Amino acid sequence: MHRLSRTDARRVAVRAQLLDLPRPTDLVDVVRHLTFVQLDPAAPVVPSADLVLWSRLGSSYRPGELVEALEDLTLLDLYGLARPAADLALFRAEMAQWPGTGTLEDWQEGLRDWVAANDGCRRDVLELLRQDGPLPLRDLPDTCEVPWRSSGWNNDKNVKMLVGLMVERGEVARAGRDGRDVLWDLASRIYPDEPVPSADDARAERDRRRLAGLGIARAKAPVHPVEPNDVGAAGEPAVVEGVKGEWRVDPSYLDRAFTGRCALLSPLDRLVIDRRRTTELFEFDYQLEMFKPAAKRRWGYWALPILYGDRLVGKLDATAERDQGVLRVDAVHEDEPFPAPVREAVDAEIEELAGWLGLEVYRPRVSPRR
C-alpha cells in the first residue's frame with residue numbers, strides 16, 4: 001500500500017498527463033500515451049483537441065497535424081475520440097459481442113431488437129459502402145422498417161442511429177471528412193488487421209493503459225459518457241492523505257524528480273475532466289459553464305483551467321476573435337492571489353497561446369483578481 005500526500009498524488013497525475021518538463025515532442029506519441037484525445041467541436045478559443053495537444057507539445061504543434069494523422073489513418077476516430085490505429089484491436093472483441101454478454105439489460109435488448117428488425121437496411125448500408133464507400137450519412141439509404149423512436153432530437157433519424165450502432169458492432173467506421181461531412185466506410189477497410197485479444201484481456205490492457213495516462217485513479221468510478229475514469233485492478237493500491245478511500249497508482253511515477261510548468265488547459269482536458277478527482281486531489285472548484293445562462297456563470301463560457309506546477313490555481317476567460325485578430329481576455333480568475341512569479345508565468349502563457357493562434361492579446365477591461 002503506497003501512502004501519498006496530496007502533493008505526491010498531484011505530481012503523479014500531472015506527470016502522467018505530460019504536463020511537466022521536459023515537454024514531449026511527437027503528436028502520435030502523445031496521443032498513444034494519453035490513450036485518446038477527445039474530438040469536440042466547441043472552439044471558443046481553438047478546438048479542444050488542438051488545445052490539449054498544444055498544452056503538451058507547445059507552439060511547435062500545428063493543428064493541421066491532427067487532421068493529417070486522422071486522414072492517413074495513423075489515428076482513428078472512434079466514438080468521437082482520436083486513438084492510435086493499433087489500439088483499435090483492444091475494442092474489437094467487445095464489438096463482436098455487441099450488445100453484451102450474459103443477462104442483458106432492457107435497453108440492451110431494445111437496441112438488439114431494433115437492429116434485428118431493420119436488418120434489411122443494415123445490409124443495404126453495408127452493400128452500398130462496399131461498392132461506393134466512403135460516403136457521407138446523407139448518401140446512405142433509409143430502408144428501415146421500424147423507425148427510431150425518441151422524445152429528443154434523434155426521433156426518426158433512422159440511418160444516423162443505425163450507423164452509430166453498426167460502429168458499436170464493429171461493422172462500419174469513420175473514414176475522415178469531406179468538408180463538414182463525416183465519411184463512413186466498412187470497418188474492415190479502416191481498422192488495421194491486428195490480432196484481437198480476448199475481451200477480458202483487452203479490458204485489462206485498457207485499464208493498464210488508462211492508469212498510465214492518469215497516473216492515479218479510483219478502481220471504481222461513476223460512469224462517464226466519453227471514457228471510463230476507473231482503472232479496475234491496474235497498478236498498485238494507494239491511499240492519499242486527507243482523502244477517503246483507496247486509489248490505484250502507477251508505481252513508475254513514484255519517487256521521481258518533478259519539474260512543473262504553467263499550462264492553460266481545455267475544459268475537457270483529461271487532467272480535470274473527472275471533477276470528483278479534481279476536487280479530491282487538487283482541491284479545485286471547477287465546472288464547464290457553457291450550458292449555463294450568462295448571468296449565472298462564475299468564470300466564463302469556456303474558462304480554461306490554469307495549471308502552475310502541481311496546482312490548479314485559477315481560470316482564464318478568453319475567446320479567440322479571429323475577425324478582429326485578437327485573443328480577447330475578459331478575466332483571469334485567481335483562486336488565491338497569484339504571487340508575482342505565477343502571474344508572470346500565466347501572462348507569458350497567455351501571450352504564447354495568442355502567438356500560436358496568430359492573434360494579439362486584447363484585454364477590454366481590468367481582469368478581476370479574486
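**Pro197, two cavities and a helix pair**

Biologist: Where does Pro197 lie?

Modeller: Pro197 lies in the loop between helix H9 (187-190) and helix H10. Please keep in mind that this is a predicted model.

Biologist: And is that proline buried, partly exposed or exposed?

Modeller: Pro197 has a relative accessibility of 26%, and therefore counts as partly exposed, since the partly exposed class runs between 20% and 50%.

Biologist: Leaving aside neighbours within four places in sequence, which residues is Pro197 in contact with?

Modeller: With those neighbours set aside, the contacts of Pro197 are Ala89, Leu90, Ala93 and Ala202.

Biologist: How far apart are Pro197 and Leu90, in sequence and in space?

Modeller: The two are 107 residues apart in sequence, while their C-alpha atoms are 6.8 Å apart in space.

Biologist: Let us stay with Leu90. Which residues of H5 are buried?

Modeller: In H5, the buried residues are Ala89, Leu90, Phe91, Ala93 and Met95. Ala89, Leu90 and Ala93 are also among the contacts of Pro197.

Biologist: What covers the buried residues of H5?

Modeller: The cover includes strand S3 (75-78), strand S4 (81-84), helix H8 (158-168) and H10.

Biologist: Turning to cavities, how many are there of 30 Å³ or more?

Modeller: The count is four cavities of 30 Å³ or more. The largest has a volume of about 130 Å³, and the second largest holds about 70 Å³ of space.

Biologist: Which residues line the second largest cavity?

Modeller: Its lining consists of Thr35, Arg83, Asp87, Leu90, Phe91, Arg206, Arg209, Arg210 and Glu227. Leu90 and Phe91 are also among the buried residues of H5.

Biologist: Which helices each supply at least two residues of that lining?

Modeller: Helix H5 (89-96) and helix H10 (199-214) each do so for the second largest cavity. H10 gives the most, with three residues.

Biologist: What is the make-up of that lining by class?

Modeller: The lining of the second largest cavity has six charged residues, two nonpolar residues and one polar residue.

Biologist: Now the largest cavity: which lining residues are closest to its centre?

Modeller: Of the 14 residues that line the largest cavity, Phe36, Gln38, Leu268, Asp269 and Arg270 are the closest to its centre. Strand S2 (37-38) and helix H3 (48-57) are the elements that give two or more residues to this lining. The largest share, three residues, comes from H3.

Biologist: And by class?

Modeller: The lining of the largest cavity has eight nonpolar, four polar and two charged residues.

Biologist: A change of topic. How do the axes of H1 and H11 cross?

Modeller: The axes of helix H1 (residues 6-16) and helix H11 (residues 275-282) come within 9 Å and cross at roughly 135 degrees. H1 and H11 are therefore oblique to each other, as only angles over 145 degrees count as roughly antiparallel.

Biologist: Which residues meet there?

Modeller: Arg6, Ala9, Arg10, Ala13 and Val14 in H1 meet Arg277, Glu280, Leu281 and Phe282 in H11. By class, this contact of H1 with H11 has five nonpolar, no polar and four charged residues.

Biologist: Where does Glu283 lie, and which residues is it in contact with beyond four places in sequence?

Modeller: Glu283 lies in the loop between H11 and strand S12 (304-308). Leaving aside neighbours within four places in sequence, Glu283 is in contact with Arg6, Arg10, Thr278 and Arg311. Arg6 and Arg10 are also among the H1 residues that meet H11.

Biologist: What separates the C-alpha atoms of Glu283 and Arg270?

Modeller: The C-alpha atoms are separated by 16 Å, with Glu283 and Arg270 13 residues apart along the chain. Arg270 is one of the residues closest to the centre of the largest cavity.

How values were computed:
Residues are numbered from 1 along each chain as its sequence is written. This is a predicted model: local features need pLDDT of at least 70, side-chain atom pairs count only at pLDDT 80 or more; totals for chains, interfaces and linings use all residues. Side-chain values use heavy atoms; hydrogens and water are left out. On a 1 Å grid over the protein atoms alone, a cavity is a set of points where a 1.4 Å probe fits but cannot get out, and a pocket is an open set with protein on both sides within 12 Å along at least five of seven lines; lining residues have an atom within 4 Å of a point. Grid points are joined across faces, edges and corners, and a volume is the space filled by probe spheres set on the points. Ala, Val, Leu, Ile, Met, Phe, Trp, Tyr, Cys and Pro count as nonpolar, Asp, Glu, Lys and Arg as charged, and the others, Gly among them, as polar. Buried means under 20% relative accessible area, exposed over 50%, partly exposed in between (1.4 Å probe, protein chains only). Contact means heavy atoms within 4.5 Å. Axes are lines fitted to C-alpha atoms, for helices over the stretch in contact, and angles run from 0 to 180 degrees between N-to-C directions. Angles under 35 degrees count as roughly parallel, over 145 as roughly antiparallel, 65 to 115 as roughly perpendicular and the rest as oblique.
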